[in-house]
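Trainee: Could we go through this model together? I would like to begin with the contacts inside the protein.
Mentor: Certainly; let us look at it.

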Number of protein chains: 2
Amino acid sequence: MARRSGSSADITGPRIREAALRLFARHGYAAVSMRRIAAEVGVQAGALYLYTPDKQTLLFDLMRTHLEELLSAWEAEEKGETPAERLDRFARFHIRFHIERREAVFLSNMELRNLTPENFAVIEALRHRYEDALEDILKDGVAERAFDVADTRLTTMALIAMLTGVTTWYREGGRLRQGRVEAIYAHMVRKAVQMPRWKRRRIEGAADAEVIDEPGEPAEAAPASGQGADTVEEPADVKGPPASQPQRSG
Amino acid sequence: MARRSGSSADITGPRIREAALRLFARHGYAAVSMRRIAAEVGVQAGALYLYTPDKQTLLFDLMRTHLEELLSAWEAEEKGETPAERLDRFARFHIRFHIERREAVFLSNMELRNLTPENFAVIEALRHRYEDALEDILKDGVAERAFDVADTRLTTMALIAMLTGVTTWYREGGRLRQGRVEAIYAHMVRKAVQMPRWKRRRIEGAADAEVIDEPGEPAEAAPASGQGADTVEEPADVKGPPASQPQRSG
DNA sequence: TTGCGAACTGAACGGGTGTTCACCTACCCT
DNA sequence: AGGGTAGGTGAACACCCGTTCAGTTCGCAA
């Protein structure tokens, strides 16, 4: 038996990629042999080489395809008007896309170290483009004084890590429906970067405005840090509002 | 040449664990051979089996040791009085510990799938204990109405993912000093979970108090979600404050 | 100084690895 | 009906894998 009946390239090709994706994601690139992928497809190992030049390229193509689809899916998304709106959409999009493609996400995050340097550079560039999409939103928000972000690059990495983490625990049919998960994450993201009222007023120079105590305010913030530890505020800011503030108006 | 001059178990043992940790973290468990670890130590592969029964146990011991040290380091930490204080300390501790032990963190996060089921269960239990430490802080904050957290478990996972993500980009001698990184992350964590003023007032039933617009408020929050999409608030809450609110008092 | 155990070598075992290649057969086109 | 080629097979190549073990040497205690 050489060629099997009913076989064709546009069936075997995708099946190989699906099997490789699933197995690489589940057991890791190095732990999965070409023979095992072939067995999953129901084919001999040699047949895989009609569809990929080698194992490394198979991994690389899976990761590149995933990231390209991620980028084009985001570009196709409606963007929203304000930075806050765009951030909300980004968070929800990210959660949705990452829940729907857990295996590809897992692969693209875990197997970077198994790429050759040249392939790694390509994947990193794609990933960077996606991160920049988020950072641009943050920068816009900072420019409009809608966001209070000490460092847009750090915050970009922090938010993406937080959102991507959903793949580690979310399971379909679990305690929380996907829509609610999206909403909770989006809400947290928004709160994490939003400009607090007391600060917005200070920045706008409204010394006449009543200063209201607010969590995150310097007088109350980060009380646990040792003396001399860094703070988020610039030194000039840390001194902050006058010490005598109304505790609560109500 | 059989035994090498100047050799002793309390030197070779640690060197094997260090080499294994570094190589496993860098290239992945499955991609690193016992011969390569041995070569790094300057020894033959067979000698490794004087120090570990097999490769799997070597991995497991590295991960278990790391998590046990993480737990006992946190337990030794000063805890702070209020939930906000404890959360701040937790965030800073987590960042510090994870920056200092990048390789062990990387290993413990990436190689879970290469553990046998029995070993996996042990590691997961340890990891769960650490997550619970954070969740307890969040629960306390929710009970005291200091935190506004829709789901403590989800938030725990989200915050840990965000904080642990620091290991993917932080490099010593980079743009940001460690203390500042700690401060920025701790600040974001705090903002992400804090109870907004408008909501605290509503909960406390202070209908007399002036309601102030606040980012995160339902009227303004999550505007990008499609119709019928989930929101963070419970249905009763979503209807929210009366529609007519002063936009800004200033 | 001798002897004994700790520390290690080096070869071997059975098996798995990615990849190649000569060969074969089912299908489509003329 | 028949030929060409797309889509395979299965054996082979050279090498690496985790692990074992008899044998060897070093350091230390008596």
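Trainee: Which residues does A:Val189 touch, leaving out those up to four places away in sequence?
Mentor: A:Val189 touches A:Leu87, A:Ala91 and A:Leu159. Please keep in mind that this is a predicted model.

Trainee: Which residues of the largest nonpolar core touch the most other members?
Mentor: They are A:Ala158, A:Tyr185 and A:Val189, together with B:Ala158, B:Tyr185 and B:Val189. The core holds 60 residues.

Trainee: And which elements give two or more residues to this core?
Mentor: In chain A they are helix H4 (83–100), helix H6 (117–143), helix H7 (152–164) and helix H9 (178–193). In chain B they are helix H4 (83–100), helix H6 (117–143), helix H7 (152–164) and helix H9 (178–193).

Trainee: Why might nonpolar residues gather like that?
Mentor: In soluble globular proteins, nonpolar side chains tend to be buried together.

Trainee: Staying in H7 of chain A, what about A:Thr164? Is it buried or partly exposed?
Mentor: A:Thr164 is in helix H7 of chain A. A:Thr164 counts as partly exposed because it has 19 C-beta neighbours inside 10 Å, and a buried residue needs 20 or more.

Trainee: What is A:Thr164 in contact with?
Mentor: Apart from neighbours within four places in sequence, A:Thr164 is in contact with A:His98, A:Val105 and A:Asn109. For a sense of distance, the C-alpha atoms of A:Thr164 and A:Leu50 are separated by 34 Å, and these two residues are 114 residues apart along the chain.

Trainee: Let me step back to chain A as a whole. How many helices and strands does it have?
Mentor: Chain A has eleven helices and zero strands. Of its 250 residues, 35% count as buried. Among the contacts in chain A with a separation of 6 or more, 66% come from residues 24 or more positions apart.

Trainee: What domains does the assignment give for chain A?
Mentor: The domain assignment gives domain 1 (9–52) and domain 2 (54–193). The C-alpha centres of these two domains of chain A lie 27 Å apart.

Trainee: How many residues does each domain bring to the contact?
Mentor: Domain 1 of chain A brings ten residues and domain 2 of chain A brings twelve. On the domain 1 side, helix H1 (residues 9–27) of chain A gives the most, with six residues. The residues of that side divide into seven nonpolar, one polar and two charged.

Trainee: Now the DNA. How many residues surround strand C, and which are the closest?
Mentor: DNA strand C is surrounded by 26 residues, and the closest are A:Ala2, A:Ser33, B:Ser7, B:Ala9 and B:Gly46. Helix H2 (34–41) of chain A and helix H1 (9–27) of chain B are the elements that give two or more residues to this surface. By class, the surface has eleven nonpolar, nine polar and six charged residues.

Trainee: What surrounds strand D?
Mentor: There are 27 residues around DNA strand D, and A:Ser7, A:Ala9, A:Gly46, B:Ala2 and B:Ser33 come nearest. H1 of chain A and helix H2 (34–41) of chain B each supply at least two residues of the surface near strand D. H2(B) gives the most, with three residues. The classes there are eleven nonpolar, nine polar and seven charged residues.

Trainee: Back to H1(B). What span should its 19 residues have?
Mentor: At 1.5 Å a residue, H1(B) should span 27 Å, and its end C-alpha atoms are 26 Å apart, which agrees. After H1(B) comes B:Gly28, whose phi is positive, near 95°.

Trainee: Which residues of H1(B) are buried, and what covers them?
Mentor: The buried ones are B:Ile16, B:Ala19, B:Ala20, B:Leu21, B:Phe24 and B:Ala25. Their cover includes H2, helix H3 (55–76) and helix H5 (102–110) of chain B.

Trainee: One last topic: where does A:Arg145 lie, and what is its phi?
Mentor: A:Arg145 lies in the loop between H6 and H7 of chain A. Its phi is near 60°, a positive value in a residue other than glycine. A:Arg145 counts as exposed because it has 12 C-beta neighbours inside 10 Å.

Trainee: And B:Arg145?
Mentor: B:Arg145 is in the loop between H6 and H7 of chain B, and its phi is positive, near 55°. With 12 other C-beta atoms within 10 Å, B:Arg145 is exposed.

Key
Residues numbered from 1 in each chain as written. Chains lettered and ligands numbered in written order. Predicted model: local features only at pLDDT ≥ 70, side-chain atom pairs only at ≥ 80, totals over all residues. Core = buried A, V, L, I, M, F, W, Y, C linked by C-beta atoms within 7 Å. Helix = DSSP H or I, 4+ residues; strand = E, 2+ residues; numbered from the N terminus. Contact = placed C-beta atoms within 7 Å. Near = placed C-beta within 6 Å. Nonpolar A, V, L, I, M, F, W, Y, C, P; charged D, E, K, R; others polar. Domains from an automatic or database assignment. Expected span 1.5 Å × (residues − 1).
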